[in-house]
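Q: Please take a close look at one helix and the side chains around it. I would like the pairs, the charges and the burial in one connected account.

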Amino acid sequence: MQMEARVGVAVDGGVRKLVQPPPKQIGTVSQLLAGGVAGALSKTCTAPLARLTILFQIQGMHSNVVTLRKASIWNEASRIIHEEGFRAFWKGNLVTIAHRLPYSSVNFYTYEHYKKLLKKATGLQSHRDNVSADLCVHFVSGGMAGITAATSTYPLDLVRTRLAAQTNFTYYRGIWHALHTISKEEGILGLYKGLGTTLLTVGPSIAISFSVYESLRSFWQSNRSNDSPVAVSLACGSLSGIASSTATFPLDLVRRRKQLEGAGGRARVYTTGLYGVFRHIIQTEGVRGLYRGILPEYYKVVPGVGICFMTYETLKMLLSDIATG
């Protein structure tokens, strides 16, 4: 086979085919740095919408039917500004960054390694044209990476939810106070409240996100190889975020409510398992209750996931150029 590497064309039996150059490799520290910065930047940019999503998701726990019917993005945003001030949109963002830096680092890093291991185990490294098998590898790698990252950083995720859920009354005064208070009042296991539901959510969510992203990017680059990598990452990342959020939103809503069980000394709302929580929400709020907050989630996820993937790919390229230059 004759190769024209600079223009990305392979000539095989007189037929010219576009081929993708092998991806540049970066070191472990660079991978962790790229993933961490990408996650932290993405979350900071979309923090106001993320807080609105959480507030909508938990409304059904302590609100009556009339209050739920009056709920809207504009009303909730106006309430935050008038009662808590504009800066309150970023309430809990410090712990979000403290959580996202290690979470995204572990997520992206383990994804790359799980992907390599699975490709090596299944022999896909020498058979790159098997699209369905490649998609399966991306899906499984993404799920395993999400579960690994969520488990290793879970207490910070729980603290972030509780800080963001506070409105007029401040029970937790910061990250360390929240960690100490939860451990004291609910025990060490209280820091892992809702972990099971979270893993059921995060595994499929990250799996869908990575597999859709990789598939769309591969398809796009094979048909429009001259397009900007940054633009491709932004578009594919946004679409992958919509797909994963739509598929897993009811589970995400339940996990947020499980994380807030007993918070601030309040009585438990749900005394049953995952199935019982779903049944309770449907009975009291209807099926629509499972998608409470889906609109701000969509508004958040399109720029959020897009920024995350775009930043990650851009930093990988920059760090790779620095390392090889």
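A: What follows starts at helix 6 and then moves to the parts linked with its neighbours.

This is a predicted model, in which local features need pLDDT of at least 70, side-chain atom pairs count only at pLDDT 80 or more, and totals for chains, interfaces and linings use all residues. Residues are numbered from 1 along each chain as its sequence is written, and side-chain values use heavy atoms, with hydrogens and water left out.

Start with the rings. The structure holds eleven aromatic pairs. A pair here means rings of Phe, Tyr or Trp (its six-membered ring) with centres within 6.5 Å; planes under 30 degrees apart count as stacked, over 60 as edge-to-face, and the rest as tilted. Tyr-111 and Phe-210 have ring centres 3.8 Å apart and planes at 5°, so they are stacked. Tyr-111 lies in helix 6 (residues 93–122) and Phe-210 in helix 10 (residues 195–223), so this pair ties together parts 99 residues apart in sequence. Helices are DSSP runs (H or I, at least four residues), numbered from the N terminus. Both Tyr-111 and Phe-210 are buried. Buried means under 20% relative accessible area, exposed over 50%, and partly exposed in between (1.4 Å probe, protein chains only). The two rings also belong to one aromatic cluster, formed by Phe-108, Tyr-111, Phe-210, Tyr-213, Phe-309 and Tyr-312.

Next, the charges on helix 6. Glu-112 and Lys-115 meet in a salt bridge, 3.6 Å from N to O. That term requires a side-chain nitrogen of Lys or Arg within 4 Å of a carboxyl oxygen of Asp or Glu. Both residues lie in helix 6, three residues apart, about one turn of the helix. Glu-112 is buried, and so is Lys-115.

Arg-100 also lies in helix 6. What is the nearest side chain of opposite charge to Arg-100? It is Asp-157, 5.8 Å away; Arg-100 is buried yet has no salt bridge. For charge, Lys and Arg count as positive and Asp and Glu as negative, while His and the chain ends are not counted. Leaving aside residues up to four places away in sequence, Arg-100 touches Gly-36, Gly-39, Ala-40, Lys-43 and Ser-105. Contact means heavy atoms within 4.5 Å.

Asp-157 has a salt bridge with Arg-255, at 2.8 Å from N to O. This pair links distant parts of the chain: Arg-255 is in helix 11, Asp-157 in helix 8 (residues 154–165), 98 residues apart. Arg-255 is buried, at 7% relative accessible area. Asp-157 counts as buried too, at 6%.

Back on helix 6, Leu-101 offers another setting. Leu-101 is found in helix 6. At 36% relative accessibility, Leu-101 counts as partly exposed. With Leu-33 and Val-37, Leu-101 makes a nonpolar surface patch of about 230 Å². Patches use residues with over 30% relative accessible area and no salt bridge; like charges are joined within 9 Å, nonpolar side chains (Val, Leu, Ile, Met, Phe, Trp, Tyr) within 5 Å. The areas come from the Shrake-Rupley method with a 1.4 Å probe; for residues, only the protein chains shown count as cover.

To recap helix 6: Tyr-111 stacks with Phe-210, Glu-112 bridges to Lys-115, Arg-100 is buried without a salt bridge, and Leu-101 joins a nonpolar surface patch.

How values were computed. Helices (H or I, at least four residues) and strands (E, at least two) are DSSP runs, numbered from the N terminus.
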